[in-house]
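Good morning, and thank you for coming. I should like to walk through one protein structure, and I invite you to keep the picture in view as I speak.

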Amino acid sequence: MRVIHLPSDAQVVYCGIAVKAGTRHEQPGEEGLAHFCEHLSFKGTEHRSAVQIINAIEGLGGELNAYTNKEDTVFYCAIQTKHLKKAVDVLCDIVFHSVYPQHEVEKEREVVCDEIESYEDSPAELIFDEIENILFEGHPLGHHILGTSEQVRRYTSEDARRFTRKYYRPENCVLFISGGKEEMINKTYRPHETYMSHRSYETHESHEACETGVQPSAPQVLTRHRGTHQAHVIIGTRSYAADDPLRWRLYLLNNILGGPGLNSRLNMALRERNALVYSVESSMVCYGDTGCWCVYFGCDQHDVKHCLRLVRRELDRLMNQPLTDNQLRKAKQQLQGQLAIASDSREQFALDFAKNYLHTGKERDLSDIMRHIDALTAADLQQTARSLFVEERLTTLIYE
């Protein structure tokens, strides 16, 4: 297992194990299994009961957590640096030695089903999953991470063991540690090299590639009648993979258009000038071999067409009017400032650099990101806008 460490003198260490096992690794009929295995990994190991797992970290004042997304599952904790060895021991135990007892499977099914039902009651979140399911139709990347209640209620202890034998393998994981001294890490990690080696694993099969270039031949507008008080609208297209150089252009374009700043063009057009929405945003997600870019807003039912016209106007502006030197300088300055502030969150930084190393084998380098942003030109941004924002590429999904 690869180990990455960012030393520091901080009194708190953030550590975890990132596993390359997510929604896209599920076979037909396994939708939601990666997320279900994440839940079950806390329910008992060869060495600890579910209660002992909780108390091992929480009893020391630490925090233990996990999440699953489309390409990976991450188990992590925050704890005082002096308890690092215990934290690594517990993390290795739940990832490599969970037994997934059937009685816990039966209890946890209901917990996950409640999570699914709660999520389905949140159209502002659900619509993001549905647009990806449309854009990646027929591919596991389009599947809902949680799966369905019907599927989850069918899963057994053996299903969890089969999936984790295939993917929860040391060479398919990264142990990441932010905090502590190098000598402490050496003492902490080395005893676990043999501790993890006895388990037998199934052969890992590579996931199916997702072709980036497949796009609808004509713009689609799809409406779902969900009986919501507010209309929820999302406009999306496939975009760039995590290693595509063009992603830097979209990164800056996306921030200008609908990033977190209140001065984003969409926020100014839809909220500040016209008071049509409470929130509007654009977002991009990069996967290993493709990506997704979207604009989302919620508004009154009768304002949908007006809002769509305003979004289209802003997209056309980026396609047809290159940024001035001053606009480009300010846009770069804003994004770089946001990145600097975000990197000051040690927990999020640890999770980001773990994910980056898991999928690319490279360290996340903030100064390198800044250089890529500095190198962008107005012509670069306009060229990418003309490629991605044309109506023929965009799919619109409306909940009403």
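**Cysteines, cores and a hairpin**

Cys307 counts as buried, at 0% relative accessibility. Please bear in mind that this is a predicted model. Cys299 is also buried, with a relative accessible area of 1%.

How many disulfides does the model contain? The count comes to zero. Cys299 takes part in no disulfide, and its nearest cysteine sulfur, that of Cys307, lies 4.0 Å away. Because a disulfide requires sulfur atoms within 2.5 Å, the 4.0 Å between Cys307 and Cys299 is too far for a bond.

Let us turn to the nonpolar cores. In soluble globular proteins, nonpolar side chains tend to be buried together. Here the largest nonpolar core has 59 residues, and Ile17, Val19, Phe75, Leu91, Val95 and Tyr168 have the most contacts inside it. Helix α3, residues 84–96, supplies the largest share of this core, with nine residues. A second, separate core has 43 residues, including Trp248, Leu250, Met319 and Leu394.

What does Ile17 touch, leaving aside its neighbours within four places in sequence? Among its contacts are Met1, Phe75, Leu91, Val95 and Cys173.

Finally, consider strand β3, residues 63–68, where the side chains alternate. Leu64, Ala66 and Thr68 point to one face and are buried, whereas Glu63, Asn65 and Tyr67 point to the other and are not. Strand β3 runs antiparallel to strand β4, residues 73–80, and six bridges join the two. One bridge pairs Asn65 with Tyr76 in β4. The connection from β3 to β4 is a hairpin through four residues.

Conventions:
Residues numbered from 1 in each chain as written. Predicted model: local features only at pLDDT ≥ 70, side-chain atom pairs only at ≥ 80, totals over all residues. Heavy atoms only, no water. Buried < 20%, exposed > 50% of the residue type's maximum accessible area, 1.4 Å probe, protein only. Pairing = 2+ DSSP bridges. Core = buried A, V, L, I, M, F, W, Y, C linked by side-chain atoms within 4.5 Å. Contact = heavy atoms within 4.5 Å.
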